[in-house]
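Student: I'd like to learn how the words used for a protein model are justified. Could we go through some together?

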Amino acid sequence: MGDDTAGATVTGGGLVLPLALIEVGHLLDLLDEFVTVLEDSQHTADAGTTALAPDPYPDDREASAAFREATQTAILERRLADVGTVRAALAEAVGDATPEHAGEGLQAARVIIADPDLDAWLRTLTALRLVLASRLGVSGADDHDPEDPRFGVYDWLGFRLDQLVRAADARDGLDHETWI
């Protein structure tokens, strides 16, 4: 079969990420909200989307504006395509299943992430986490209170992101612990 790596399984053509149906539903909702934030960012400055594309030339407003103008559309299109890739894998994993009762939401779904799609997953989960961090005021480890319930989704995204990175490292024969 594959190597079990902290919840994600390495397969010949990619990774399998086990998620409860309720997790899939929450992630799909987050993706919908993220698309709205991305689309709105074309018209309004937003701290969350600014975190996704920090100012490349903080001392030169003109150069920063020119860079942003030249790259913003391509970055937005890539982020939207990445969201589409993640959504497609989630939709395929659950099919027509929807958790109508709390117990059904705990049923497992096997989300298959093909090797070419892994980067889209990593970029999307990271971007979601960055937007949440900006909304929560997290700019460093000291700003995060694991006991504060507002950080639940932020922590969950970090947990799932870590699982994917560890599985990808295992697939590539890397020892994740040696570079931490």
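Tutor: Happily! Let's start with a cut-off: buried means under 20% relative accessible area, and exposed means over 50%. Keep in mind that this is a predicted model.

Student: Why is Leu-118 called buried or exposed?

Tutor: Leu-118 has a relative accessibility of 4%. Buried means under 20%, so Leu-118 counts as buried. Leu-118 is found in helix α5, and its contacts beyond four places in sequence include Leu-15, Ile-113 and Arg-171.

Student: What makes Arg-171 and Asp-115 a salt bridge?

Tutor: Their closest N and O atoms are 2.8 Å apart. The cut-off is 4 Å between a side-chain nitrogen of Lys or Arg and a carboxyl oxygen of Asp or Glu, so the pair qualifies as a salt bridge. Arg-171 lies in helix α6 and Asp-115 in the loop between β4 and α5, so this pair ties together parts that are 56 residues apart in sequence.

Student: How do you know whether Arg-150 and Asp-148 are buried or exposed?

Tutor: Compare each value with its limit. Arg-150 has 53% relative accessibility, and exposed means over 50%, so Arg-150 counts as exposed. Asp-148 has 18%, and the limit for buried is under 20%, so Asp-148 counts as buried. The side chains of these two residues meet in a salt bridge, with 2.8 Å from N to O.

Student: And why is Asp-32 called partly exposed?

Tutor: Asp-32 has 35% relative accessibility. Partly exposed is the range between the buried and exposed limits, so that is the label for Asp-32.

Notes. Residues are numbered from 1 along each chain as its sequence is written. This is a predicted model: local features need pLDDT of at least 70, side-chain atom pairs count only at pLDDT 80 or more; totals for chains, interfaces and linings use all residues. Side-chain values use heavy atoms; hydrogens and water are left out. Helices (H or I, at least four residues) and strands (E, at least two) are DSSP runs, numbered from the N terminus. Buried means under 20% relative accessible area, exposed over 50%, partly exposed in between (1.4 Å probe, protein chains only). Contact means heavy atoms within 4.5 Å.
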